[in-house]
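Hi everyone, thanks for making the time this morning. I'd like to walk you through one protein, so let me put it on the screen.

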Amino acid sequence: MTRRGALLLALAVPGAVSAQAAPLARVEVWQDPTCGCCEGWVRHMRAAGFDLAVRKVADVRPVKAANGVPEALWSCHTAVVNGYVIEGHVPAADIWRLLAERPQARGLSAPGMPPSSPGMDIPGTPYEVVLFGAPGGERIWARH
């Protein structure tokens, strides 16, 4: 990670830089082999310091279902990190925060394919990241 990236991460998520130094379980990502936006998200995650193992599969739907992602929150790829499910184009800073705070939940989703999200990279469209599988139900984790 660059100094600028670490500074931005530290400003966005207090404690994230120190959390980054701790060993993380590998992020496993399941994606369609031809999806360019998924590759963009993988690059975003690697630039943020995550170690990714990419699994290219023709149909990601069974992975989503097996990991308890509600259909309304589905996106184009699914990942798992340290016991949490990450659905779609969730920004790395939101994932660092998730790993630092460790809420009781199944995971995070950026439902659909928000144009402004990492990997999509078309600025100007606000979107939300949803925490799902929590005892109190789904809630907004972050707004971008």
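I'll start with the overall fold, then go through the sheet, the helices and a few salt bridges.

One thing to keep in mind throughout is that this is a predicted model. The protein has five helices and seven strands. If you follow the sequence, the pattern reads α-α-β-α-β-α-β-β-α-β-β-β. Of the 144 residues, 43% are buried. Among contacts with a separation of 6 or more, 54% are between residues 24 or more positions apart. The accessible surface is about 7100 Å², and carbon and sulfur atoms contribute 56% of that.

Now, the sheet. In what order do the seven strands sit? Going across, we have β2-β1-β3-β4-β5-β6-β7, in an open sheet with mixed pairing. The edges are β2, residues 52-56, and β7, residues 139-143; each has a single partner strand, so one side of each has no neighbour in the sheet. From one strand to the next, the twist averages 20 degrees.

Let's zoom in on one stretch of the sheet. Strand β4, residues 84-88, runs parallel to β5, residues 107-110, with four bridges joining the two. In that pairing, Glu87 sits opposite Ser109; please remember Glu87, as I'll return to that residue. Moving along, β5 and β6 are antiparallel, with three bridges, and here Leu108 faces Leu131 of β6. Then β6 and β7 are joined by four bridges, again antiparallel, and Leu131 stands opposite Arg139 in β7. These two strands make a hairpin with six residues between them, and Gly133 in the turn has a positive phi of about 75 degrees. As for burial, β6 is mostly covered, with four of its five residues buried.

On to the helices. Helix α3, residues 36-47, lies across β1, β2, β3 and β4, and makes an angle of about 170 degrees with β2. Helix α5 lies across β3, β4, β5, β6 and β7, at about 130 degrees to β7. Which residues of α5 are buried? They are Ala92, Asp94, Ile95, Trp96, Leu98 and Leu99. A useful reminder here is that an α-helix has 3.6 residues a turn, so residues three or four places apart point the same way. Just past the end of α5, Arg102 has a positive phi of about 50 degrees.

Finally, the charged pairs. There are seven salt bridges in the structure, and I've picked three. The first is between Arg55 and Glu28, at 3.0 Å from N to O. Arg55 is in strand β2 and Glu28 in strand β1, 27 residues apart. Arg55 is partly exposed at 36% relative accessibility, and Glu28 is partly exposed at 28%.

The second joins Glu39 and Lys56, with the closest N and O atoms 2.7 Å apart. Since Glu39 belongs to helix α3 and Lys56 to strand β2, this pair ties together parts 17 residues apart in sequence. Here too we have partly exposed residues: Glu39 at 24% and Lys56 at 45%.

The third brings us back to Glu87, which meets Lys64 at 2.5 Å, N to O. Lys64 is in helix α4 and Glu87 in strand β4, so the pair ties together parts 23 residues apart in sequence. Are these two residues buried or exposed? Lys64 is buried, because its relative accessibility is 2% and buried means under 20%. Glu87 is buried as well, with a relative accessible area of 0%.

That's my tour, and I'm happy to go back to any part of it.

How values were computed
Residues numbered from 1 in each chain as written. Predicted model: local features only at pLDDT ≥ 70, side-chain atom pairs only at ≥ 80, totals over all residues. Heavy atoms only, no water. Buried < 20%, exposed > 50% of the residue type's maximum accessible area, 1.4 Å probe, protein only. Contact = heavy atoms within 4.5 Å. Areas by Shrake-Rupley, 256 points an atom, 1.4 Å probe, with all protein chains shown as cover. Pairing = 2+ DSSP bridges. Axes fitted to C-alpha atoms, helices over the stretch in contact; angles between N-to-C directions. Salt bridge = Lys/Arg side-chain N within 4 Å of Asp/Glu carboxyl O.
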